[in-house]
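Trainee: Could we go through this structure together? I would like to begin with the aromatic residues.

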Amino acid sequence: MTAFGIDLGTTNSCIACVDESGRPVVLPNAIGELTTPSVVYFDQREKVWIGRAAKDAALLAPDLAVQLVKRQMGLEGVGFTFHGTTYTPESISALVLKELTSAAQRHLGEPVRDVVITVPASFGVAERTATLLAGEIAGLNVLDILDEPNAAALSYRERAPVQGPRHLLVYDLGGGTFDTTVVRVDGDHVEVICTGGEPDLGGADWDARVRDFLLDTFTRQHPRLDPTADPHFMKELSIRAEQLKEELSTMTSRHRSLAFGGAVVPVELNRRQLEELTADLLDRTLARTEKTIAEARRKGVPDVDEVILVGGMTRMSAIMERLGKLVGKAPRRHEPDLAVARGAAMFALLKQMEQGAGQGRASRPAVRLAARMGLGEKQAEKLGSQRATAVLPRGFGTKVLDINDPLATTNPALARAYVVHLIPAGTALPADTGPVTFHTAIDNQPGIEVEVWEQASEESSEELADNKLIGRGKLRDLPPKLPKHTPVEITFFLSETGLLTVNAVEPASGRQVRFDLQIGGLDRSAVDLARTFVARHDTSS
Ligand code: AMP
């Protein structure tokens with residue numbers, strides 16, 4: 001059975017598989033496009049439009065559409081209500097997945113079941129779990145969740161096989177998000193070294209600048225007309241702004257005529273002007289890239305060997321030029337909006353190969369793909385066995401009283417407290433801290449409140465304000481007359497699927513408390529219910 005790779009993007013999604021000759025190929029959607037806007041439009045009860053039609057409809061009726069749902073994956077309590085039904089981000093994503101897989105199924109004439117879905121390297125455990133559940137709700141067998149830069153690196157590797165370890169800088173600028181990541185590729189191993197980005201920066205910001213420029217040009221000539229009050233005109237303007245931006249990647253200058261209220265204004269925009277209008281946006285991405293490179297250096301990567309461009313926005317030539325100057329190497333770009341899906345398809349096939357290892361010969365596409373990547377069969381299998389769930393982007397810890405604060409012994413509730421990250425950001429999953437020793441704060445302490453806090457910002461900090469309380473348990477009935485500073489051991493175990501098990505024990509008495517926290521995600525019955533529900537939806541538009 002064919003395995004598929006899916007780039008479930010913030011603005012666009014894409015599905016690919018590896019063909020008989022071992023080449024990753026992208027499959028077109030129902031209207032022949034290679035990428036599908038990740039937009040769901042709720043036309044009627046259980047009747048939705050997905051993709052281009054939904055994106056267009058959303059311009060006029062945004063209240064009936066969900067866009068950019070990826071930004072809400074893994075957040076608790078988020079719901080979208082249409083025609084009397086509430087959908088979770090997982091269910092909305094499942095509808096997009098269903099659209100992609102149904103089109104692939106029709107195109108190939110065979111069922112789509114086994115998939116690898118990609119996520120940004122910055123996604124936390126909750127977001128990854130939510131993505132996996134979206135796949136399950138769509139009725140798919142999710143072989144794994146793979147980091148987007150890893151997928152891009154694999155895709156690049158298929159095109160330019162190299163020997164020995166390489167460090168790749170992946171610069172990914174899509175329609176709604178920006179990520180920059182350093183990835184190490186070494187034989188049968190691909191690994192994220194560090195990553196950073198701006199989740200709310202993307203092509204849409206460039207479009208907005210072009211739209212404002214067009215509007216400005218019009219109103220300067222006709223100050224008494226107010227086209228912003230006309231939703232149809234504004235919809236057209238948004239579509240034209242994006243088109244103009246895209247055309248200026250291949251042409252140096254473009255013309256448009258804007259017609260409103262009986263007035264017609266011809267407008268010209270050239271590439272240099274576009275670059276000036278959006279220079280600060282590009283600067284922001286470059287500043288973030290510098291930070292990522294500096295972080296990689298601190299982690300022992302002296303230099304990046306290659307720069308790879310991913311995301312539709314990197315077709316803009318200014319990006320290639322400025323980034324090339326910054327890093328001192330010419331970036332590589334090859335169909336940047338399809339690379340992630342292609343890499344995911346390769347990984348899906350290798351994963352299948354590894355899972356079926358020992359049950360007969362590897363499939364022909366798998367053997368050919370391995371050869372294209374310059375790998376032997378065993379190495380390819382090993383690559384497939386690699387845990388794709390990468391490192392923890394944000395740490396987990398527990399709250400501790402500051403014993404240097406005099407209030408710690410007299411009035412602990414008012415004393416300064418801070419967070420000790422037992423599982424710091426960057427730890428590979430599954431993670432087991434083993435027992436970590438803390439101490440009671442006062443004499444005769446009757447119990448201990450074990451609070452679990454998750455790092456809330458990109459930088460790690462021990463301040464409570466920079467962390468988020470996500471759960472707690474109580475170690476009760478400690479033996480009487482315990483002196484202060486009695487040791488208490490706390491262990492955190494975090495599984496790959498986001499189940500955090502906390503254990504606290506007072507070793508002398510053996511008193512202990514153990515509790516589990518699911519970091520994000522729906523429970524099983526909710527997933528089953530959502531799967532039945534999503535399957536009922538008519539997605540033909
Ligand atoms: P992605 O999220 O990777 O699919 O990228 C989508 C973004 O890339 C959108 O903002 C598109 O307008 C933009 N894009 C696509 N093609 C081009 C192009 N030829 N030149 C500039 N931007 C483009």
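Mentor: The exchange below covers aromatic pairs, a helix contact and a strand hairpin. This is a predicted model, in which local features need pLDDT of at least 70, side-chain atom pairs count only at pLDDT 80 or more, and totals for chains, interfaces and linings use all residues. Residues are numbered from 1 along each chain as its sequence is written, and side-chain values use heavy atoms, with hydrogens and water left out.

Trainee: How many aromatic pairs are there?

Mentor: Rings of Phe, Tyr and Trp (its six-membered ring) pair if their centres lie within 6.5 Å; planes under 30 degrees apart are stacked, over 60 edge-to-face, and the rest tilted. The count by this rule is nine aromatic pairs.

Trainee: Why is the pair of Tyr41 and Trp49 tilted?

Mentor: The ring planes of Tyr41 and Trp49 stand at 35 degrees, with centres 5.1 Å apart, so the pair is tilted. Tyr41 is buried, at a relative accessible area of 10%, and Trp49 is partly exposed, at 25%. Buried means under 20% relative accessible area, exposed over 50%, and partly exposed in between (1.4 Å probe, protein chains only).

Trainee: And what of Phe42 and Phe82?

Mentor: That pair is stacked, because the planes of Phe42 and Phe82 are at 5 degrees, with ring centres 4.1 Å apart. Phe42 belongs to strand E5 (residues 40-44) and Phe82 to strand E8 (residues 80-82), so the pair ties together parts 40 residues apart in sequence. Helices (H or I, at least four residues) and strands (E, at least two) are DSSP runs, numbered from the N terminus. Phe42 and Phe82 are both buried, and they form one aromatic cluster with Tyr87 and Phe533.

Trainee: Changing topic, which residues of H8 meet H9?

Mentor: Among them are Leu282, Leu286 and Ile293 in H8, and the H9 side includes Ile319, Leu323 and Val327. Contact here means heavy atoms within 4.5 Å. By class, the contact of H8 with H9 has eight nonpolar, one polar and three charged residues. Nonpolar covers Ala, Val, Leu, Ile, Met, Phe, Trp, Tyr, Cys and Pro; charged covers Asp, Glu, Lys and Arg; the others, Gly among them, are polar.

Trainee: Last one: how do E13 and E14 run?

Mentor: Strand E13 (residues 178-186) and E14 run antiparallel, joined by nine bridges; strands pair if DSSP finds at least two bridges between them. Asp186 stands opposite His189 in E14. The two strands form a hairpin with two residues between them, and Gly187 in the turn has a positive phi of about 55 degrees. In strand E14 (residues 189-198), seven of the 10 residues are buried.
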